[in-house]
Amino acid sequence: MTRGIAHASVGQSFDDFMLIKSAARGIASNGKPFLTLILKDVSGEIEAKLWEITKEDEEEFVHEKIVKVMGEIREFRGRPQLKIHQIRPAQPTDGVKIEDFLEKAPVPVDELKGRITEAIFEMKNPNLQRIVRFLVKKYEQDLFVFPAATKNHHEYISGLAHHIVTMLEIARNLKGIYQHIDLDLLYAGIILHDLGKLKELSGAVTPNYTVEGKLLGHISIMAEEIAKASEELGIDGEEVMVLKHLVLSHHGKNEWGSPKTPLVREAEILHLIDLIDAKINMINRALDQTKPGEFTERIFALDNRSFYKPAYKGYEQ
């Protein structure tokens, strides 16, 4: 395979295997149906149109299907788009598999597991530790595979665990500066705040939102999970209520999806750490696809800004 779609330039021809992340049917101005495909590999993804499709095309080119694509990189409304010349489903003899097209966390799964386990062992509050240990064990199989989101940040295999581990590291360093922080409470909030996404999202390969995810959302799902876990464990201390508050408020504002705004010190810190890690992850991944002395593509989730990658010697790439 080539270096990946993210490194292909406008005007360049393309001939490689890709994974269909999504396929949406539309009707063109001439009344004929077409498919909008989002194609991906380990480096990134690109939109492509398949015009004047047949019923067989609709059944053939669906999400999670590997295809061989020949075409050319064009620009449409300021973004790269793949103009398809030829496309066919991959065959067993091609020797490609879904794992070949999935971006993975830059940290090995065993290390992610070890660092989350270490944080749980560090916790001294028995109630918080038991709740966290219970829920991590309950969802362990998916926790270390699922992405943290369908797009924008940590949207890759093991992305959720990677997001949690990075946030734990930030929290550990903040404790050295702000010594009044209740690190047990903050650790618990970090590990559990997005765990509801394991029910909100459909899977790890090409995740979509489940019915439960659309109707309830990961925040309310997780608050309910904490309530169930504490009841099953026979825990009813105040820390259960405060932990639920951290989960309910971690998006920071009502208009950002939080039922409550942060009203506990550690809740505010959790929200800020979450923002920092999500934003830096988006910026770094955009910079990885950008040459020194140029700007990244616009990042919609960051106010549609483009970030400059300095070219001077010694700048951290």
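Select Arg-172 first: in this predicted model this residue is partly exposed, with a relative accessible area of 28%. Now add Glu-122 to the selection, which is also partly exposed, with a relative accessible area of 28%, and look at the gap between the two side chains, where a salt bridge forms with the closest N and O atoms 3.2 Å apart. Because Arg-172 lies in helix α5 and Glu-122 in helix α2, the pair ties together parts that are 50 residues apart in sequence. Keep both residues on screen and add Glu-111, Arg-115 and Glu-169, since salt bridges that share partners join these five residues, Glu-111, Arg-115, Glu-122, Glu-169 and Arg-172, into one network.

Within that network, look next at Glu-111 and Arg-115, whose closest N and O atoms are 3.3 Å apart in a salt bridge. Why are they about one helical turn from each other? They are 4 residues apart in helix α2, which accounts for that separation. Glu-111 is partly exposed, with a relative accessible area of 38%, and Arg-115 is partly exposed as well, at 27%.

Now colour the whole of helix α2, residues 109-122, and place a distance line between its end C-alpha atoms. At 1.5 Å a residue, the 14 residues of this helix should span 20 Å, and the end C-alpha atoms are indeed 20 Å apart, so the two values agree. Which residues of α2 are buried? Select Leu-112, Ile-116, Ala-119 and Ile-120, which are the buried ones to look for here. These residues cover an arc of only 100 degrees around the axis, and therefore they lie on the same side of α2. The general background is that an α-helix has 3.6 residues a turn, so residues three or four places apart point the same way. To find what this side meets, show α3 (126-138), α5 (159-177) and α6 (183-192), against which the buried residues of α2 pack. Then turn the view to the face directed away from the buried side, where you will find the exposed residues Asp-110 and Phe-121. Stay with Phe-121 and add Arg-133, which lies over the face of Phe-121 at 5.3 Å from the ring centre. For another arrangement of this kind, select Phe-17 and Lys-68, where the charged end of Lys-68 sits over the ring of Phe-17, 5.6 Å from its centre.

The next stop concerns aromatic rings, for which the count comes to 3 aromatic pairs. One of them is formed by Phe-34 and Trp-51, a tilted pair with 4.9 Å centre to centre and 40 degrees between the planes. This pair links distant parts of the chain, with Phe-34 in strand β2 (residues 33-41) and Trp-51 in the loop between β3 (44-50) and α1 (55-60), 17 residues apart. Is each partner buried or exposed? Phe-34 counts as buried because its relative accessibility is 11%, whereas Trp-51, at 52%, counts as exposed. Move on to Phe-295 and Tyr-308, which form a tilted pair at 5.1 Å centre to centre, with 50 degrees between the planes.

Finally, return to salt bridges, of which the count comes to 22, and select Asp-94 together with Arg-88, whose closest N and O atoms are 3.0 Å apart. Asp-94 is partly exposed at 25% relative accessibility, and Arg-88 is partly exposed with a relative accessible area of 33%.

Methods. Residues numbered from 1 in each chain as written. Predicted model: local features only at pLDDT ≥ 70, side-chain atom pairs only at ≥ 80, totals over all residues. Heavy atoms only, no water. Helix = DSSP H or I, 4+ residues; strand = E, 2+ residues; numbered from the N terminus. Expected span 1.5 Å × (residues − 1). Buried < 20%, exposed > 50% of the residue type's maximum accessible area, 1.4 Å probe, protein only. Arc of directions from axis to C-beta. Contact = heavy atoms within 4.5 Å. Phe/Tyr/Trp six-rings, centres within 6.5 Å; stacked < 30°, edge-to-face > 60°. Lys NZ or Arg CZ within 6 Å of the ring centre and 35° of its normal. Salt bridge = Lys/Arg side-chain N within 4 Å of Asp/Glu carboxyl O.
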